[in-house]
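This briefing introduces a protein chain to a first-year reader. Please examine the sequence and the structure shown here before reading the points that follow.

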Amino acid sequence: MASLALPYVGVAVEQYPHRSFSDSLAHQARVVRVLAAAEFKLKYRESALGYLWSVIKPLAMFSILYLVFGHFFKLRGGLHHYPLYLLVGIVLWTFFSDATTTTTVSFVLRGQLLRKMYFPRLIIPVSSTMTATMTLATNLLPIAGFVAWNGIAPRADWLLILPLLLELYLFALAIAILLSTLYVRFRDMLPIWELVAQILFYATPIIYPLTVVPYHSVRVLELLNPFGQIVEDVRSLVLYNDPKGSILTASDVLGPAGRLYPIGILILLLAIALLVFRREEPGLTERV
């Protein structure tokens, strides 16, 4: 039995010649968990406020956007709880942006680790996106505080938020795998994605409700985007006591089966990402 120590995480990657599939999967899950936890700790290790930065960032962004768009431009769209509507969008977007942007350079940053030992290369982007998931879990606390402040009582259908968050994670993971794989060959992928993400931020109903968009075709495009579908579905569940029609979901705009279209796009994107990764994986170590 050989044991190879993972640098900076203090755990061993052991190579068993006859490991069963379930044991191998469990071992890989432990490696992902350790790498993600180590990266999360290192991210805030030298800062004075530590983990508080993970909450301060979305709250600061929320404060500025609410002041500008909620107070001055009054883009409430008939919503009674526009501040909570806005905060949900910002928190989910912060996760998506962090998961995709930080993972883009993950293979290159861990090039030394890739050259020194063998393990499934897909662990690298998965662990990086899991780090962003830990930050998301922290950022859900301000949302819970806003929900309590507004006197919104929890309901059983809030359990549907969990599969929506899983869908969001898979969407972020698909893009992260694609970007991190292509970045090894094309170092322009990071600035390109930063530009695309900036455009996507304003082209998605994060700041404004879809009800203020006058064109049906634009609403369709925004809800074909899996992120747009997810964030509106989460909002419709949380803000159930807002006026009917103030939050437009994919079912409202695309028809009863409307959610299937962005989910289909997500599945297609994930398949493309895995195909690109599989094609590039053999030469990945040499290029980083």
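Helices (H or I, at least four residues) and strands (E, at least two) are DSSP runs, numbered from the N terminus. Threonine 131, for example, lies in helix 6, which covers residues 123-149. The model is a predicted one, in which local features need pLDDT of at least 70 and side-chain atom pairs count only at pLDDT 80 or more, while totals for chains, interfaces and linings use all residues. Residues are numbered from 1 along each chain as its sequence is written, and side-chain values use heavy atoms, with hydrogens and water left out.

**The chain as a whole**

- The protein chain has 13 helices and 2 strands.
- Of its 288 residues, 47% are buried; buried means under 20% relative accessible area, exposed means over 50%, and partly exposed lies in between (1.4 Å probe, protein chains only).
- Contact means heavy atoms within 4.5 Å. Among contacts between residues at least 6 apart in sequence, 74% join residues at least 24 apart.

**Helix 3 and helix 7**

- Two packed helices are described by the angle between their axes and the distance between the axes. Axes are lines fitted to C-alpha atoms, for helices over the stretch in contact, and angles run from 0 to 180 degrees between N-to-C directions.
- Helix 3 (residues 82-104) packs against helix 7 (residues 161-185) at an angle of about 25°, and their axes are 7 Å apart.
- The two helices, helix 3 and helix 7, are therefore roughly parallel to each other. Angles under 35 degrees count as roughly parallel, over 145 as roughly antiparallel, 65 to 115 as roughly perpendicular and the rest as oblique.
- Helix 3 passes helix 7 in a right-handed crossing. A crossing is right-handed if the near helix is turned clockwise from the far one by less than a right angle, and left-handed if anticlockwise.
- On the helix 3 side, the meeting residues include Leu92, Phe95 and Phe96; on the helix 7 side, they include Leu168, Tyr169 and Ala172.
- The residues of this contact divide into 13 nonpolar, 4 polar and no charged. Here Ala, Val, Leu, Ile, Met, Phe, Trp, Tyr, Cys and Pro count as nonpolar, Asp, Glu, Lys and Arg as charged, and the others, Gly among them, as polar.

**Length and burial of these two helices**

- The expected span of a helix is 1.5 Å times one less than its number of residues.
- For the 23 residues of helix 3 the expected span is 33 Å, which agrees with the 33 Å between its end C-alpha atoms.
- For the 25 residues of helix 7 the expected span is 36 Å, and its end C-alpha atoms are 37 Å apart, which agrees.
- Helix 3 is mostly covered, with 19 of its 23 residues buried.
- In helix 7, 19 of the 25 residues are buried, so this helix is largely enclosed by the rest of the structure.

**Further helix partners**

- Helix 7 and helix 10 (residues 226-238) have axes that come within 10 Å and cross at roughly 160°; helix 7 and helix 10 are therefore roughly antiparallel.
- The crossing of helix 7 and helix 10 is left-handed. Among the residues that meet are Leu164 and Phe171 in helix 7, and Phe227 and Ile230 in helix 10.
- By class, the contact of helix 7 with helix 10 has 10 nonpolar, 1 polar and 2 charged residues.
- Helix 3 also packs with helix 8 (residues 189-202), at an angle of about 170° and with axes 10 Å apart. That makes helix 3 roughly antiparallel to helix 8.

**Selected residues**

- Phenylalanine 95 is in helix 3 and counts as buried, because its relative accessibility is 3%. Leaving aside neighbours within four places in sequence, its contacts include Leu136, Leu168 and Tyr169.
- Threonine 131 counts as buried at 4% relative accessibility. Leaving aside neighbours within four places in sequence, threonine 131 is in contact with Ala36, Glu39 and Phe40.
- Valine 126 has its place in helix 6. The C-alpha atoms of valine 126 and valine 32 are separated by 6.9 Å, although these residues are 94 residues apart along the chain.
- Valine 108 belongs to helix 4 (residues 106-109) and is partly exposed, with a relative accessible area of 23%. Not counting residues up to four places away in sequence, valine 108 touches Tyr183, Arg187 and Val288.
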